[in-house]
Amino acid sequence: MSSISVNTITDASGGTTTSINGYTPTVSNMAGRNRIINGDMRIDQRNAGASVSGYFSYAVDRFNVGKNAGETAAFTQQRDTSAPAGFNNSLKFTVTTAQTSFTASQRVDIRQRIEGFNVADLNFGTANASPITLSFWVRSSLTGTFGGSISNGAYNRAYPYSYTINVADTWEYKTITIQGDTTGTWATDNSNGMAVTWCLGGGSSALGTAGAWVSSSVFGVTGQVNLVGTSGATFYITGVQLESGSVATPFEHRQYGQELALCQRYFEIQHFCATGYGNGSNGILFTTPFSATKRAIPTMTDVGLSYGGYTVGSINVNANPTFVGGFTTSLSSVLEIGVASALVRCQTLLTASAEL
Amino acid sequence: MYKLCKDITTDKAQCIKRLADNAFIPFDPANTDYQEYLEWLAEGNTPEPAEE
């Protein structure tokens, strides 16, 4: 066996199309770089593009809005069709009620929490911590210095970062490279391994100095634009990528089905339909597998269908489950109590949430 | 507010029902809704009992 050790390999003409066993590797075809899920904001299982409001709510999958306590800013967020070249969607945030001042720990932020399994190889919290690079497209009605942070799951390690929006209502591309954190505790399991935050306003202790790791909860940078201080202000973001290394590579476009499956590990709408035979007294336990194995046993909500409890042919249709349980990470269950001595179909719409 | 839910097939508490949105929350320490429930309990609150 032999090996080569060189700094650069180019093709015979000096170009960049050198192939290896007939394959030309480029930054855009190396899969699995992006630790962010739904970074191009395509997937919106909950709302299909409709506007939502309220803290902790999800507009597009995997991104929601966080706060501390007592924040008075109100807003809407939704999947939007404004996007830079190469993208079709963005997450749009619009301030509907301004908040011009904050208590020290208050803040409003857009965030994605990344499962520990998906950042374990970065070796944060060890001497081998990798540098990471965050890149994204952003657009706002306001200009100036904006901020965000990278945090661990316990929010006791944070790296505030800043970026500048130069022109109002214009898409701009931003990249931030961060040296890996060699201290602190960073989860490498199915819990919150890393939180990426874009701060839209905050109080004195929620903001910090950009460019250094701190051992506290920090979500943005001191002196940053208070976007939520202006009623009607807008903030759009898309093309979010977090990757290992010191270089921002082009956004990793995954196929729609791949991205949807990644999202469904954390949230899924299940068209639940199962059939059993009742004996008129005991319940029937119906089960249906999820499309994707969940991060944790999910919270289940019956959002129902409009079928009502009527009969289709010889089958009694029950649309109002007595009891819903996400019994495992791969299987949901519905218990119907008091069903008739007949063939019974349980049919409803369930949501399964295992978000971080 | 929460209410315990009992699985009649086992007669044991199977999960917690969040009354605000009728969501069924499992006893899974990795579930963030369950983590919030535990914080609610730690504040001295008590869930409604399961129906017999």
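User: Let's start with one residue. Where is the place of A:Met41 in chain A?

Analyst: Keep in mind that this is a predicted model. A:Met41 sits in the segment before β1 (52-53) of chain A.

User: What is the phi of A:Met41?

Analyst: First the general idea: most residues other than glycine have a negative phi. A:Met41 goes the other way, with a positive phi of about 60° although it is not a glycine.

User: Is A:Met41 buried or exposed?

Analyst: You read that from relative accessibility, and under 20% means buried. A:Met41 counts as buried because its relative accessibility is 0%.

User: Which loop holds A:Asn123, and what is its phi?

Analyst: A:Asn123 lies in the loop between β5 and β6 of chain A. A:Asn123 is not a glycine either, and it has a positive phi of about 60°. With a relative accessibility of 32%, A:Asn123 counts as partly exposed.

User: Where is A:Phe124 found, and is it buried or exposed?

Analyst: A:Phe124 is in the loop between β5 and β6 of chain A. Don't let the word "loop" decide the matter for you; check the accessible area. A:Phe124 is buried, since its relative accessible area is 8%.

User: Which residues does A:Phe124 touch?

Analyst: For this kind of list, residues up to four places away in sequence are not counted. A:Phe124 then touches A:Ala129, A:Ser130, A:Ile132, A:Gly180, A:Asp181, A:Trp186, A:Met194 and A:Trp213. For a distance along the chain, try A:Gln106: it is 18 residues from A:Phe124 in sequence, and their C-alpha atoms are separated by 27 Å.

User: How many residues does the largest nonpolar core have?

Analyst: The idea is to follow buried nonpolar residues that are joined through their side chains. Here the largest nonpolar core has 48 residues, and A:Phe93, A:Phe136, A:Ile150, A:Met194, A:Trp198 and A:Phe235 have the most contacts inside it. The elements of chain A that give it two or more residues are β4 (90-97), β5 (107-115), β6 (132-140), β7 (144-151), β8 (158-165), β9 (172-178), β10 (192-202) and β13 (234-244). Another core, of 15 residues, lies apart from it, with A:Phe272, A:Ala274, A:Phe290 and B:Cys5 among them.

User: Which residues is A:Phe235 in contact with?

Analyst: Leaving aside neighbours within four places in sequence, the partners of A:Phe235 include A:Phe93, A:Ile110, A:Val138, A:Phe146, A:Tyr163, A:Trp198 and A:Leu227. A:Lys92, A:Arg139 and A:Ser140 are also among its contacts.

User: Now the domains. What does the domain assignment of chain A give?

Analyst: It gives domain 1 (52-263) and domain 2 (266-353). Taken over C-alpha atoms, 37 Å separate the centres of domain 1 and domain 2 of chain A. Their contact takes 8 residues from domain 1 and 4 residues from domain 2.

User: What area do domain 1 and domain 2 of chain A bury between them?

Analyst: In general, the size of an interface is often given as the accessible area lost when the parts come together. Domain 1 and domain 2 of chain A bury about 540 Å² between them, 38% of it on carbon and sulfur atoms. A:Glu115, A:Asn190 and A:Cys263 supply 56% of the area that domain 1 buries against domain 2, more than any other three residues. Across this interface the rule finds 0 salt bridges, and 4 residue pairs in polar contact. Helix α1 (residues 256-264) of chain A gives the most to the side of domain 1 that touches domain 2, with 3 residues.

User: How many residues of chain A are in contact with chain B?

Analyst: The same reading works between chains. 19 residues of chain A are in contact with 19 residues of chain B. Chain A and chain B bury about 1,300 Å² between them, 60% of it on carbon and sulfur atoms. The rule finds 0 salt bridges across this interface, while the count of residue pairs in polar contact is 7. β16 (299-302) and β19 (323-325) of chain A each supply at least two residues of the side that touches chain B, and β16(A) provides the largest share, 3 residues.

User: To finish on chain B, where is B:Glu51, and what does it touch?

Analyst: B:Glu51 is in the segment after α1 (32-42) of chain B. B:Glu51 is exposed, with a relative accessible area of 59%. Not counting residues up to four places away in sequence, B:Glu51 touches B:Lys3 and B:Lys6. The side chains of B:Glu51 and B:Lys3 are joined by a polar contact of 2.7 Å.

Notes:
Residues are numbered from 1 along each chain as its sequence is written. Chains are lettered from A and ligands numbered from 1 in the order in which they are written. This is a predicted model: local features need pLDDT of at least 70, side-chain atom pairs count only at pLDDT 80 or more; totals for chains, interfaces and linings use all residues. Side-chain values use heavy atoms; hydrogens and water are left out. Helices (H or I, at least four residues) and strands (E, at least two) are DSSP runs, numbered from the N terminus. Buried means under 20% relative accessible area, exposed over 50%, partly exposed in between (1.4 Å probe, protein chains only). Contact means heavy atoms within 4.5 Å. A polar contact is a pair of N or O atoms within 3.5 Å; within protein, one must be able to donate a hydrogen and the other to accept it, and residues adjacent in sequence count only if both atoms are side-chain atoms. A nonpolar core is a set of buried Ala, Val, Leu, Ile, Met, Phe, Trp, Tyr and Cys residues joined through side-chain atoms within 4.5 Å. Domain bounds come from an automatic or database domain assignment. Buried area is the accessible area (1.4 Å probe) that two parts lose on being put together, summed over both. A salt bridge is a side-chain nitrogen of Lys or Arg within 4 Å of a carboxyl oxygen of Asp or Glu.
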